[in-house]
Amino acid sequence: MFKVNENYLKLPGSYLFSNIGKKVRAFTEANPDKKIIRLGIGDVTLPLAPAVIDALHKATDEMAVQETFKGYSPDLGYEFLRSAIAKNDYKARGVTIALDEIFISDGAKSDSGNIGDIFDVNNKIAVCDPVYPVYVDTNVMAGRCGEYDPVTERWSNVIYMPCTKENNFAPKLPEETPDIIYLCFPNNPTGSAITKAELQKWVDYALEKGAVIIYDAAYEAYISEEDVPHTIYECEGAKRCAIELRSFSKNAGFTGTRLGFTVIPKELKSGDVMLNSLWARRHGTKFNGAPYIIQRAGEAVYSEEGKKQTKEQIAYYMNNAKVIREGLAGAGYSVSGGVNAPYIWLKTPDEMNSWQFFDYLLQEANVVGTPGSGFGPSGEGYFRLTAFGSYESTLEAIERIKRLG
């Protein structure tokens, strides 16, 4: 009889946001008259920028004409998009990235899960705690995390790097040596960021230990402080130890159209083996490329109009973040984040645990957020709210929370 991948059976419960969805559906069915405001999942709500829509229409029209019709995209993605990325995301910041070091994909979530394909199953990973659940869950699926302890809510072969109020929600260099280090800055879920000098310490550490950094820069466009790096390759030596993941979902609203990319410099090697070559082989074998019309839309993000319009959208969301942060702080909550990222991380009141506060907000204020414990053991006692709702619903949500007293 066939056998299944038993690593999937080790995963505790459902994916975090699936659990949230079930709770909200049950509440809505029982209370159909209640108006729910959702500030939980980090999904954008503004429509795509006009420049992007124009590019989509033009590319769609091209697909209706034999001379301009496109089939499979090149393995790495179309050169017009990779050139725009290299110029605007890297060269503009003093970093040189070759076109064949950029791999176009359907999003950073896919790449963060798939990147483990090129690493040995016995590699030990280190993750921030709390952390985006996909990093750990996909390594569990690959058989890389050992056994789960339901009491401590930790995996035996994972190095957890606590991010707490005491260390300003930024991890310290681990004492135990990892092989793969996952870093996400600006951070999901805490909204924290680190300076270039602090990130350089991680690069130096990885080079010293022979580790590789998986650097998730999905929220790079939200950075507002001058000393926060927009790419890990601003740090000296990073091309020899770091892979960078990028997304169009949050900076340009592509959550429903799906586009992202991964950068793997050719200088990054395990012995004599280039990781760039391994990922190219994996990419060409398991992925048929993002659609042509979506890649043209991605190119439009880098046009002058596209940059202006998406910047305005980011400003809209960050104004929401300010409303949430200041509103909750004024109501006596302990809050952080919302400066370099569209997430606000708050301490749950009255010694409630994360899920108790989730239920309390849902029942009493009809507001949905995300329990911090769903991001890892150190997230217990915290809660995440996102700034991706409309301005009006964000204002109403905060007023509802403030009325709870």
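Begin by selecting Y222 in this predicted model, and then add the residues that Y222 contacts beyond its neighbours within four places in sequence, namely K250, N251, I314, Y317, M318, V339, N340, A341, P342 and F388. Y222 itself sits in the loop between β8 (212-216) and β9 (242-247), and with a relative accessible area of 2% it is buried. To get a sense of scale, add R384, which is 162 residues away from Y222 in sequence, with 17 Å between the two C-alpha atoms.

**The whole chain**

Now show the entire chain as a cartoon, in which 13 helices and 17 strands can be traced. The radius of gyration is 21 Å, close to the 22 Å that the globule rule gives for 405 residues, so the chain is as compact as a globular protein of that length. Along the principal axes, the C-alpha atoms fill a box of roughly 60 × 55 × 50 Å. If you look at contacts between residues at least 6 apart in sequence, 73% of them join residues at least 24 apart.

Switch next to a surface view, where the chain exposes about 18,200 Å², with carbon and sulfur atoms supplying 50% of that area; of the 405 residues, 54% count as buried. Colouring by charge brings out 44 positive and 52 negative side chains, and the centres of these two sets lie 1 Å apart.

**Helix α9**

Select residues 275-286, which form helix α9, and pick out R282 within this helix. Is R282 buried or exposed? Its relative accessibility is 14%, so R282 counts as buried, the cut-off being under 20%. Show the side chain of D117 as well, since a polar contact of 3.0 Å joins it to the side chain of R282. Leaving out residues up to four places away in sequence, R282 touches N114, D117, I118 and F287.

Stay in helix α9 and move to N276, which counts as buried at 7% relative accessibility. Here the side chain of N276 reaches the backbone oxygen of D100 at 3.2 Å, and D100 is also among the residues that N276 touches, together with E101, F103, I264, P265 and K266, when residues up to four places away in sequence are not counted. For a longer view, add E176, which is 100 residues from N276 along the chain, and whose C-alpha atom is separated from that of N276 by 27 Å.

**Backbone features to inspect**

Most residues other than glycine have a negative phi, and most peptide bonds are trans. The remaining stops can be viewed with that in mind.

Select the loop between β7 (180-184) and α7 (196-209), where P186 lies, and look at the peptide bond from F185 to P186, which is cis with omega near -10°. P189 has its place in the loop between β7 and α7 too, and a cis peptide bond joins N188 to P189, with omega about 25°.

Go on to R258, in the loop between α8 (249-252) and β10 (260-263), which has a positive phi of about 65° although it is not a glycine. At 30% relative accessibility, R258 counts as partly exposed.

Finish at D350, found in the loop between β14 (343-347) and α12 (354-365). Phi of D350 is near 55°, a positive value in a residue other than glycine, and D350 is exposed, with a relative accessible area of 69%.

Terms used:
Residues numbered from 1 in each chain as written. Predicted model: local features only at pLDDT ≥ 70, side-chain atom pairs only at ≥ 80, totals over all residues. Heavy atoms only, no water. Helix = DSSP H or I, 4+ residues; strand = E, 2+ residues; numbered from the N terminus. Rg over C-alpha atoms; globule rule 2.2 N^0.38 Å. Buried < 20%, exposed > 50% of the residue type's maximum accessible area, 1.4 Å probe, protein only. Contact = heavy atoms within 4.5 Å. Areas by Shrake-Rupley, 256 points an atom, 1.4 Å probe, with all protein chains shown as cover. Lys, Arg positive; Asp, Glu negative; His and termini not counted. Charge placed at Lys NZ, Arg CZ, Asp CG, Glu CD. Polar contact = N/O pair within 3.5 Å; in protein donor to acceptor, adjacent residues only side chain to side chain.
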